[in-house]
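What follows is a walk through one protein chain, from its overall make-up to single residues. Please keep the sequence and the coordinates at hand while reading.

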Amino acid sequence: MLASPAAWLTSICSVIFDIDVGQRLEDVYPPESLDSEDGANIAMHSFPDSLSFELQSKTAVRDSTFFFRIPQQSHLRGAASHASFLYGCVFCRQRQDERLRRGGEQKSVVVLSGHPYISVLEPLTRYAGMMFFNNGPAALQTVFEEVALWPHPDSGSRLIVNIGGLARPFQVPDHEALPLGAMEETEEELQLQPWQDTPHGWLVSKGAAEAERLQGLFNEADIYTPLRTALDRLWTLWEHAVLAEPLLVIAPSPGECSAAVAALTALITPLPYSCDFRPYFSIHDSEFQAMAESQLPEEENDLPTLIGITNVFFIKALSSWPNILSVGHQATAGNGLLEAGRPASASRLQRLNPGNALKAVRRRAAGAQILISEHVPGLWATYKPLLSPDTALLKSLLDVDKAESPAQAKRFAETNSEMLREHFYDMTAALLVPFAPYCQPALPGEAAELAAEPGPLPIFDPATFLETLPLHNVPRALHKRLGSQEKVAHFYQRFVASRNFKIWMVRQQAAAVAWQERAWQRAQLEHGIQATRPAHDMPEVQLVGLFLEVEQQLANAEQSADSGDMPLGPTGLARRASSNFQMIVRLQRRLQEPSHWLSPEPDAISFKSSCRELKTAAAWHQELGVSAWAHSTPCP
């Protein structure tokens with residue numbers, strides 16, 4: 001099924017650095033898809049910072065790519081965004097020309113989406129940038145219309161998309177493994193989330209097979225290359241990401257800092273990184289002023305907890321930030337990848353040089369402030385880590401410096417990324433296993449049990465959980481890295497207090513309850529049992545779902561009767577239809593009565609919400625191919 005462009009993109013625009021007024025939008029397609037406030041914010045993030053090393057290139061033309069994430073300040077018309085954030089992929093061209101004022105020009109092409117599909121939007125942005133600089137503004141519309149021919153990005157699906165005539169595979173992330181934009185969206189988002197009947201499958205995978213693991217945020221991101229200079233600190237960085245500790249990531253270029261932030265958030269899949277993060281942060285961001293006043297990210301202020309920067313001014317302005325990670329090297333490719341063959345660390349002779357040893361001592365004494373005068377990879381943190389590195393894994397990584405060609409170096413990096421991704425996926429999955437009893441839905445049992453409603457899920461109490469933690473079976477993958485039961489207890493104490501955990505637990509329990517209700521309703525229908533819960537007390541979505549399911553069963557039975565194969569027989573069919581007929585009639589009347597839309601009850605579903613549910617039900621009905629159901633209530 002083809003998707004509308006809005007399922008992938010909100011707009012494509014070009015931005016110019018005007019030497020008189022600064023950054024400004026130049027062309028936008030579709031026209032008027034961005035208002036002035038969002039447009040100004042996008043423009044401010046579309047170029048490398050003036051103090052970053054990227055602008056020190058002396059080549060005549062320099063192309064670079066990176067991405068940013070910014071709050072969606074206003075409603076984007078026609079947007080089908082996953083959350084209230086915009087992801088912008090940038091293709092920036094910096095051109096030196098003595099004939100121009102100030103001897104150069106900077107222009108960017110930005111592809112905007114409400115979804116974090118960076119691994120496919122990045123090559124699309126490169127293609128759009130080349131098209132724009134070769135053919136002019138008309139290329140923006142051409143690219144946007146090409147995206148309209150892409151298939152719909154259903155959750156977890158594997159697609160082939162066409163970018164400039166080249167077929168490119170893309171794994172759509174599973175929506176349940178993506179962060180929500182806000183807590184109030186949780187209930188609506190989770191009504192469609194699945195629960196898998198496999199051991200802990202609802203927690204960490206889509207099935208029993210290893211290949212069916214959940215695909216989370218930036219699921220195809222390169223983990224190895226952006227964090228190559230901090231490989232021995234990955235376990236500490238995993239702790240930072242899991243616990244949502246404030247972390248500032250500085251790199252020489254926007255491509256490197258945005259890639260590093262993507263790698264850090266991908267490191268904790270299948271746990272979504274639920275706090276605000278900014279792959280490329282600038283002094284123009286609205287949160288900068290509060291952060292410069294020594295405010296640290298907390299649940300109360302909603303400041304971003306993970307930011308990528310290139311401007312060393314932040315080292316002074318955000319001196320109160322407790323954790324700073326410096327990655328990358330000054331000599332890098334425009335996309336943030338280390339150039340093939342360049343050593344990531346000094347040679348043994350360089351390390352033994354007395355002058356270098358003295359410099360190392362001075363660097364340690366200066367702390368992160370050393371970054372103001374020179375770029376040095378490292379981690380400066382007040383957080384005390386609990387996990388120990390897996391030295392065997394580090395030794396098994398392929399040495400990219402020994403690659404014989406750029407293509408081989410890329411393959412080595414991809415292999416290393418997959419090894420790291422699998423290792424940290426297993427660690428995160430192990431971390432979540434003790435919470436299984438609190439998110440376990442009740443499976444429908446015998447007919448006698450189906451007459452009653454399923455019981456509620458256990459209430460999660462952090463204090464009780466921590467007291468009984470020794471009784472839970474903490475998987476070996478995590479216990480081995482922590483080393484002692486005392487460290488296990490200390491880490492879980494931090495984890496259950498984190499925002500990542502709180503939002504994750506709400507989503508898991510909501511998904512389990514939704515699955516449980518649907519499973520019992522199906523079982524009750526199959527056994528011809530009238531649910532004890534009155535139809536008028538059921539949510540609209542459940543009523544519509546029940547109605548369509550009953551109608552589909554009747555259609556299937558009618559088809560079986562025509563073919564001579566009816567396991568229920570006429571009596572069974574009549575009994576099943578009779579047991580649900582009154583509920584169906586009530587539903588039809590309720591959906592068509594004007595009072596349904598104007599109900600003054602405090603728990604009544606709003607007019608807009610009901611219309612959305614009806615449209616969803618109509619779409620389900622169309623997919624089922626049943627012609628008997630229709631409703632006459634007009635929806636906008």
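Helix axes here are lines fitted to C-alpha atoms over the stretch in contact, and the angle between two axes runs from 0 to 180 degrees between N-to-C directions. The model itself is predicted, and the values below are computed from it.

The chain holds 22 helices and twelve strands. Of its 636 residues, 51% are buried. Where two residues at least 6 apart in sequence are in contact, the partners are at least 24 apart in 73% of cases.

With the axis convention in place, take helix H2 (residues 118-135) and helix H3 (residues 138-147). Their axes lie 8 Å apart and meet at an angle of about 145 degrees. The crossing of H2 and H3 is right-handed. On the H2 side, Leu-124, Tyr-127, Ala-128, Met-131 and Phe-132 make the contact, and on the H3 side the contributors are Ala-139, Leu-140, Thr-142, Val-143, Glu-146 and Val-147. By residue type, this contact consists of nine nonpolar residues, one polar and one charged.

Helix H2 also contains Arg-126. Which exposure class does Arg-126 fall into? Its relative accessible area is 30%, so Arg-126 is partly exposed, given that the partly exposed class lies between the 20% and 50% limits. Between Arg-126 and Cys-92 there are 9.2 Å from C-alpha to C-alpha, at a sequence separation of 34 residues.

The next element is helix H1 (residues 36-44). Asp-38, Gly-39, Asn-41, Ile-42 and Ala-43 are the buried residues of H1. Against which strands do these buried residues pack? They pack against strand E1 (11-18), strand E2 (22-29), strand E3 (61-71), strand E4 (85-96) and strand E5 (104-113).

Strand E1 includes Cys-13. Cys-13 has 0% relative accessibility and therefore counts as buried. Leaving aside neighbours within four places in sequence, Cys-13 is in contact with Leu-25, Asp-27, Val-28, Ile-42, Ser-108, Val-109, Val-110, Leu-112 and Leu-140. Among these partners, Ile-42 is one of the buried residues of H1, and Leu-140 belongs to the H3 side of the contact between H2 and H3. For Asp-27, the C-alpha to C-alpha distance from Cys-13 is 5.4 Å, with the two positions 14 residues apart in sequence numbering.

The loop between E2 and H1 deserves a look at its backbone. Most residues other than glycine have a negative phi, and most peptide bonds are trans. In this loop lies Pro-30, joined to Tyr-29 by a cis peptide bond with omega about -5 degrees. Glu-32 is found in the loop between E2 and H1 as well. Its phi is near 65 degrees, a positive value in a residue other than glycine. With a relative accessibility of 66%, Glu-32 counts as exposed, the limit for that class being over 50%.

Similar features turn up further along the chain. A cis peptide bond also joins Thr-269 and Pro-270, with omega about 15 degrees. Pro-270 is placed in the loop between helix H7 (254-266) and strand E9 (277-278). Ser-294, in turn, has a positive phi of about 70 degrees although it is not a glycine. Ser-294 is found in the loop between helix H8 (288-292) and strand E10 (306-309). At 49% relative accessibility, Ser-294 counts as partly exposed.

Aromatic side chains come last. Rings count as a pair if their centres lie within 6.5 Å, and the chain has 30 aromatic pairs by this rule. How are the rings of Tyr-273 and Phe-277 arranged? Their centres are 6.0 Å apart and their planes stand at 80 degrees, so the pair is edge-to-face, a class that begins over 60 degrees. Tyr-273 and Phe-277 are both buried.

Phe-277 has a charged partner too: the charged end of Arg-69 sits over its ring, 4.1 Å from the centre. The charged end of Arg-69 also sits over the ring of Phe-85, 3.7 Å from the centre of that ring. Elsewhere, one aromatic cluster is formed by Phe-435, Tyr-438, Phe-460, Phe-465, Tyr-492, Phe-495, Phe-501 and Trp-504.

Technical notes:
Residues are numbered from 1 along each chain as its sequence is written. Side-chain values use heavy atoms; hydrogens and water are left out. Helices (H or I, at least four residues) and strands (E, at least two) are DSSP runs, numbered from the N terminus. A crossing is left-handed if the near helix is turned anticlockwise from the far one by less than a right angle, and right-handed if clockwise. Contact means heavy atoms within 4.5 Å. Ala, Val, Leu, Ile, Met, Phe, Trp, Tyr, Cys and Pro count as nonpolar, Asp, Glu, Lys and Arg as charged, and the others, Gly among them, as polar. Buried means under 20% relative accessible area, exposed over 50%, partly exposed in between (1.4 Å probe, protein chains only). A charge sits over a ring if NZ of Lys or CZ of Arg is within 6 Å of the ring centre and within 35 degrees of the ring normal.
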